[in-house]
Amino acid sequence: MSGAQRLSPATVDRLPASVERPDYDRAAQRTGIVHLGLGAFHRAHQAVYTDAAMSAGDRDFAITGVSLRSPAVAEALLPQDGLYTVTQRSAAGERIALVGALREMLVAPRDGERLRAVLAAPTTSLVTLTVTEKGYHRGPDGALDVAAVEAAGGTIYHHLARALADRRAAGVGGLTLVSCDNLAHNGAALAASLGAWLDRGDPGLRAWFEAECACPSTMVDRIVPAARDADLERTAAAIGLYDAAAVTTERFMQWVIEDRFATRRPRWELAGAQLVADVAPYEFAKLRMLNGAHSALAYLGLERGHQFVHQAVADPVIRATVEPLMRDEAAASLTPAPEQDLGAYADALFARFANPALPHALIQIAMDGSQKIPQRWLATLRANAAEGRRSPATLTALAAWLRHVRGDGAPVNDPMAERLAALWREVGESGIVAALFGERGLFADHWQADAEDRAALDARLRAG
């Protein structure tokens, strides 16, 4: 890796003048936010909004970032005292900013008592989460999979339940829990699952949680590819220091938040966050249009030998499926807010996908498909079917996912990989559609294929 000196508080003065810096005293800020899921997306999104709010004058919203499993991210940030850079990259050039909002890094399995203390601290008012869909441990019907939570241990439910009990006992009040994951009605989903977990051990704690806490729904959007060695080297060359936690992203950034808080919060709107009464129109547009197209690009692109999103979207064969999937089928399934222009949104999405300066790996998007397709594709299929509309492009993408989980090409990284592979072995190509999308299928609660859609999916599987 690079021989450059490491980014840290001791070396930050050596950054070029072109690198933007936080405008506040980092050392004077107390923790106000605990973030669960310390990955690249958080560092390029919620932390950036919080950094801007503190630079504008808000105080005591420093972030304690928590890795729930792997220590890799925390260990990259610890020698840098939480400092890192965000590079916005497009064909027009780069813009680099230093972010200072992250003040403490914890790894839950080894720092459990410190995590417990900071979650229970009176100064902590918010918990934000980016734990991916699988981190919520929901079954195919959307309900909490209690057995999976018990087997996993150390989940968000374990940490939050203990924190809420501590706060109730200390009389310090509740928290606002802000899910930033790609789940439909993510706030309500978090509230329902956490409530179900609390109810098992202490029904009184569930009642306290429901009275004292809030779980606003959100929609988040920013494309943040996984960092590659080449990205870190390029950042080191640009700033003259080695940043092991550097993030590269696009210029676009969006955060739509239900304006329902139980506690104080930063003025995230100063950086462009939208506080609204109802997130659903934005949430569904993002899930079905952006995320739905992303997943289609991933599975179809991997089949055709592509590595990155910008390559797949430039392939005319793939574009002929993804364009109608987004513009005709996903958009048709939506009821937009008055200010939403879905056609313009689609135009902007395709421009973002085509950005060659931001290689976004298809294999990264293809992960955890069983947790994603209900919101991204099956919701579109169900909504259009209810209005008598067919969704042939979405079925084409769905067939590509079925071949992917069969093991036809790229490695399958999915919490249901073994179960899906076993189903393929058990029922074969002739029975897999019914096993997954039939009346008693694995995903029947999300969408059931009628005879015409079953035939269409079968034909696409045979053709693939």
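The following exercises, with worked solutions, concern a predicted model.

**Exercise 1. The three-stranded sheet**

Determine the order of the strands in the open sheet of three strands, and explain why β4 and β9 each have one side without a neighbour in the sheet.

*Solution.*
Step 1. The strand order is β4-β3-β9, and the pairing is mixed.
Step 2. The strands β4 (93–99) and β9 (247–249) stand at the edges with a single partner strand each, so one side of each has no neighbour in the sheet.
Step 3. From one strand to the next, the twist averages 20 degrees.
Step 4. The pairing of β3 and β4 is antiparallel and comprises seven bridges. A hairpin of two residues connects β3 to β4, and R89 is placed opposite E94 in β4.
Step 5. Strand β3 (residues 84–90) runs parallel to β9, and three bridges join them. T87 has T248 in β9 as its bridge partner.

**Exercise 2. Helices across the sheet**

Identify which strands helix α2 lies across, and which strands helix α9 lies across.

*Solution.*
Step 1. Helix α2 (residues 46–55) lies across β3 and β4, and its direction makes an angle of about 70 degrees with β4.
Step 2. Helix α9 (residues 229–239) lies across β3, β4 and β9, at about 100 degrees to β3.

**Exercise 3. Length and faces of helix α18**

Compare the expected span of helix α18 with the distance between its end C-alpha atoms, and establish where its buried residues fall around the axis.

*Solution.*
Step 1. Helix α18 (residues 451–463) has 13 residues; at 1.5 Å a residue the expected span is 18 Å, and the end C-alpha atoms are 18 Å apart, so the two values agree.
Step 2. The buried residues in α18 are D453, A456, L457 and L461.
Step 3. Viewed down the axis of α18, these buried residues fall within an arc of 135 degrees and therefore line one face of the helix.
Step 4. A general rule is relevant here: an α-helix has 3.6 residues a turn, so residues three or four places apart point the same way.
Step 5. A451, R462 and A463 are exposed on the other side of α18.
Step 6. The elements covering the buried residues of α18 include α16 (392–406) and α17 (417–437).
Step 7. At the N-terminal end, D450 caps α18, with a side-chain oxygen 3.2 Å from the backbone nitrogen of E452.

**Exercise 4. The surroundings of H159**

Decide whether H159 is buried or exposed, and list its contacts beyond its neighbours within four places in sequence.

*Solution.*
Step 1. H159 belongs to helix α6 (residues 156–170).
Step 2. The relative accessible area of H159 is 10%. Buried means under 20%, so H159 is buried.
Step 3. With neighbours within four places in sequence set aside, H159 is in contact with L68, A108, L115, L119 and G154.
Step 4. H159 and G112 are 47 residues apart along the chain, while their C-alpha atoms are separated by 8.5 Å.

**Exercise 5. Two residues with positive phi**

For D81 and H137, state the phi angle, the location and the degree of burial.

*Solution.*
Step 1. D81 is not a glycine, yet its phi is positive, at about 55 degrees. D81 is located in the loop between α3 (72–77) and β3.
Step 2. With a relative accessible area of 30%, D81 is partly exposed.
Step 3. H137, likewise not a glycine, has a positive phi of about 50 degrees. Its loop lies between β6 (126–129) and α5 (146–152).
Step 4. With a relative accessible area of 19%, H137 is buried, since the cut-off for buried is under 20%.

Terms used:
Residues are numbered from 1 along each chain as its sequence is written. This is a predicted model: local features need pLDDT of at least 70, side-chain atom pairs count only at pLDDT 80 or more; totals for chains, interfaces and linings use all residues. Side-chain values use heavy atoms; hydrogens and water are left out. Helices (H or I, at least four residues) and strands (E, at least two) are DSSP runs, numbered from the N terminus. Buried means under 20% relative accessible area, exposed over 50%, partly exposed in between (1.4 Å probe, protein chains only). Contact means heavy atoms within 4.5 Å. Two strands pair if DSSP finds at least two bridges between them. Axes are lines fitted to C-alpha atoms, for helices over the stretch in contact, and angles run from 0 to 180 degrees between N-to-C directions. The expected span of a helix is 1.5 Å times one less than its number of residues. The arc is that of the directions from the helix axis to the C-beta atoms. A polar contact is a pair of N or O atoms within 3.5 Å; within protein, one must be able to donate a hydrogen and the other to accept it, and residues adjacent in sequence count only if both atoms are side-chain atoms.
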